[in-house]
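Here are some notes on the pockets in this structure, set out point by point for use at the bench. Please read them alongside the sequence and the model.

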Amino acid sequence: MDNEVAAGNTASTLGHLALGLTLLAFGLGSTGVIDNVAASDAAALATWVGGVALFLVGLLALRAGDGVTGTAHAALGAFWFTWGTGVGGGTSAEAAGLFLLLWALLALTLTMAAKGSGLFGQGVYGLLFVALLLLGTGAFADHGGLAKAGGWLAAVAGLAAWYGATAAVAHWPTSLGRVARRGAPAAD
């Protein structure tokens, strides 16, 4: 077995676990669904798991020759590190909104780059794009409803990333098989 391929697959799975946990914590904090838990409470997790660990995993994937996954994880690691170390720093709502909207562009790029990778590739990045778009717009407009909707989408993206990584490790299904139509002749 090629060690570089194995390292790339491991890096991808570990990166999706880190992304999933970080997105889930950030998203749930943004929804306000849990009393006394805000998105800012996920700052340490975002800095170390979503930031440093995800960035290092991205570098490992790049070294293994996986350009798309490596770029995605390294760039998202930079995003989470920047967000985690900057949250609560007294920036204006407009600056926070601009930050989120600029990173939404990265998520859009990752969505386009993951073409053909299915729900656990393109789907996660697509949900992240819409979540950051809603969160950024909500910050600009001072609209809590948009921020909550963005939080829910981030949490769903986190669950999808977590499931995709867990499915890879546990050998669970990652796609829905074709459902046989009733009355259709059996294929040989």
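**Notes on the two pockets**

1. In the second largest pocket the lining is made up of 16 residues, and those that lie nearest its centre are Ser12, His16, Ser117, Phe120 and Gly121. Please bear in mind throughout that this is a predicted model.

2. Four helices, α1, α3, α5 and α6, are the elements that give two or more residues to the lining of the second largest pocket. Among these, α6 gives the most, with four residues.

3. The volume of the second largest pocket comes to about 280 Å³, and the residues of its lining divide into eight nonpolar and eight polar, with no charged residue.

4. Turning to the largest pocket, its volume is about 550 Å³. It is lined by 24 residues, of which Trp83, Val87, Thr91, Ala96 and Leu100 are the closest to its centre.

5. The elements that contribute two or more residues to the lining of the largest pocket are α1 (3-31), α3 (67-86), α4 (93-113), α5 (119-141) and α6 (144-170). Within this lining it is α4 that gives the most, with four residues.

6. As to chemical character, the lining of the largest pocket divides into twelve nonpolar residues, eleven polar residues and one charged residue, whereas the lining of the second largest pocket holds eight nonpolar, eight polar and no charged residues.

Terms used: Residues numbered from 1 in each chain as written. Predicted model: local features only at pLDDT ≥ 70, side-chain atom pairs only at ≥ 80, totals over all residues. Heavy atoms only, no water. 1 Å grid on protein atoms, 1.4 Å probe; cavity = no way out; pocket = protein on both sides within 12 Å on 5 of 7 lines; lining within 4 Å. Points joined across faces, edges and corners; volume = space filled by probe spheres on them. Nonpolar A, V, L, I, M, F, W, Y, C, P; charged D, E, K, R; others polar.
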